[in-house]
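The exercises below ask for a careful reading of strand pairing, helix packing and ligand surroundings in one structure. Each task is followed by a solution that goes step by step.

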Amino acid sequence: MTNQLLKIQNLQTSFRIKDDYHAAVDGVTLEVNKNEIVAIVGESGCGKSALAFSIMGFHDPKRSKIEGHIYYKEHDLANISTAKLNKLRGSEMGMIFQDPLTALNPLMVVGAQIEETLILHTKMNKEQRKARVLELLDSVGIPNPQRTFNQYPHELSGGMRQRVVIAIAIANKPAFLVADEPTTALDVTIQAQILDLMKELKEKMDAGVILITHDLGVVAEMADRVAVMYAGQIVELAPVEELFANPKHPYTRSLLQSVPSTDKKDERLHVIQGIVPPLPSLPRVGCRFKARIPWIPEEAHEENPELHEIKPGHFVRCTCYKTFHFQDEQKGDMNNGVS
Ligand SMILES: Nc1ncnc2c1ncn2[C@@H]1O[C@H](COP(=O)(O)OP(=O)(O)OP(=O)(O)O)[C@@H](O)[C@H]1O
């Protein structure tokens, strides 16, 4: 029996800007297995949320276009009716959003909002639902579930609201969870609780998780595999230990170098020059990261950069990783980028 839960194949998500469509996700292929957390990392604007929203079918079809496939069981989520998708969302698939305020209804007490997903997807009676909601509130670390049940979102702190969003996402023990920056707004103790909860869901329920985060510490602790996204594409994909021990793509190496650590106390942190270009100005041919490493010669890049499997399970896009060095690094000092 296969362990595979989700298979994204050549996904392209484009947004209409003025009269043209521009791809925010461009040719993404990625699998998520049962009992696996795949982290997606990259700077702001790299297409991480656009990818997550495509999986969950949250993009407005009038302003966006989705091509390619997202296979889940017998379904292709990229080409599925809204009715079928609605059945899957909230039961088998859950999403934790970046911003809890937009995910919650300001006019409904939180207990009723969690209960709604139980009404839609289970046959529980009123009493069972109430008991389950209180249990969920308790499991996400809400100190007084009975009281919180009857509160409105605006009466709760940001951290408490995020926990309510998580309670909704896991209410029906989904087989698949997309978590988009789930703990950014939370303090470290609560963050640890929430991350533990996600791990539990993965391990006990055999769930597959896509975890989008800026926090490489969270990635190191939580992920089984990591996909690094730049300008709509996956530029590196590897098991987590391999990615941290042996990063190859210049972008991955730059991201890792820009993280403060106690070992680097005396070193200057690396700053990645430039920005992720806005969609209409993204280069559509050649290496998309080229403009941000101008000291690397043109011939180091591939004309049509592909993902190369350099070790089982470790993929890198473009050949420029072979000769990459940081600008302030002597060529002779290179100890990391050459395979
Ligand atoms: N609905 C939309 N219409 C037009 N452009 C969009 C839309 N949503 C996202 N974009 C653009 O698509 C690109 C990718 O955005 P996305 O939000 O997926 O990035 P991200 O990596 O998730 O960033 P962040 O970490 O800030 O959430 C950006 O250039 C963004 O401006």
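Two strands count as paired if DSSP finds at least two bridges between them. The coordinates used throughout belong to a predicted model.

**Exercise 1. Apply the pairing criterion to β4 and β5, and describe the turn that joins them.**

Step 1. Strand β4 (residues 64-72) and β5 are joined by two bridges, and the criterion asks for at least two, so the two strands count as paired.

Step 2. The bridge partner of Tyr72 in β5 is His75, while Tyr71 stands opposite Asp76 of that strand.

Step 3. The two strands run antiparallel and form a hairpin with two residues between them; in this turn, Lys73 has a positive phi of about 50°.

**Exercise 2. Place this hairpin in its sheet, and state which strands lie at the edges.**

Step 1. Strands of a sheet pair through backbone hydrogen bonds, either parallel or antiparallel.

Step 2. Here four strands form an open sheet in the order β2-β1-β4-β5, and the pairing is antiparallel.

Step 3. The edge strands are β2 (20-33) and β5 (75-76), each of which pairs on one side only.

Step 4. Inside the sheet, β1 and β4 run antiparallel and are joined by eight bridges, and Gln12 has Glu67 of β4 as its bridge partner.

**Exercise 3. Describe the sheet of eight strands, and then determine how α1 is placed against each of the two sheets.**

Step 1. The eight strands form an open sheet with mixed pairing, in the order β6-β7-β8-β3-β9-β10-β12-β11.

Step 2. Its edges are β6 (93-96) and β11 (307-311), each pairing on one side only, and neighbouring strands are turned against each other by 20° on average, with direction ignored.

Step 3. Within this sheet, β10 (residues 233-239) and β12 (residues 314-317) pair in the antiparallel sense over two bridges, and Leu237 has Phe315 in β12 as its bridge partner.

Step 4. Helix α1 packs on this sheet, where it touches β3 (36-41), β6, β7 (176-180), β8 (208-212) and β9 (225-230), and its direction makes about 150° with that of β7.

Step 5. In the four-stranded sheet, α1 lies across β1, β2 and β4 and runs at about 70° to β2.

**Exercise 4. Analyse the packing of α4 against α7 and against α5, giving the geometry and the residues in contact.**

Step 1. Two packed helices are described by the angle between their axes and the distance between the axes.

Step 2. Helix α4 (residues 110-121) packs with helix α7 (residues 158-170) at an angle of about 20°, their axes being 8 Å apart. Because angles under 35 degrees count as roughly parallel, α4 is roughly parallel to α7.

Step 3. The crossing of α4 and α7 is right-handed, and the contact is made by Val110, Gln113, Ile114 and Thr117 of α4 together with Val164, Ala167 and Ile168 of α7. By class, this contact has five nonpolar, two polar and no charged residues.

Step 4. The axes of α4 and helix α5 (residues 126-139) come within 9 Å and cross at roughly 115°, and this crossing is right-handed.

Step 5. In this second contact, Gly111, Ile114, Glu115 and Leu118 of α4 meet Arg129, Arg132, Val133 and Leu136 of α5; these residues divide into four nonpolar, one polar and three charged.

**Exercise 5. Which elements supply residues to the shell around the ligand, and how does the shell divide by class?**

Step 1. β1 (4-17) and α1 (48-56) each supply at least two residues of the shell, and α1 gives the most, with three residues.

Step 2. Of the 14 residues around the ligand, Phe15, Ala24, Ser44, Ser49 and Ala50 come nearest.

Step 3. By class, the shell has seven nonpolar, five polar and two charged residues.

Technical notes: Residues numbered from 1 in each chain as written. Predicted model: local features only at pLDDT ≥ 70, side-chain atom pairs only at ≥ 80, totals over all residues. Near = placed C-beta within 6 Å. Nonpolar A, V, L, I, M, F, W, Y, C, P; charged D, E, K, R; others polar. Axes fitted to C-alpha atoms, helices over the stretch in contact; angles between N-to-C directions. Parallel < 35°, antiparallel > 145°, perpendicular 65-115°, else oblique. Left-handed = near helix turned anticlockwise from the far one by under 90°. Contact = placed C-beta atoms within 7 Å.
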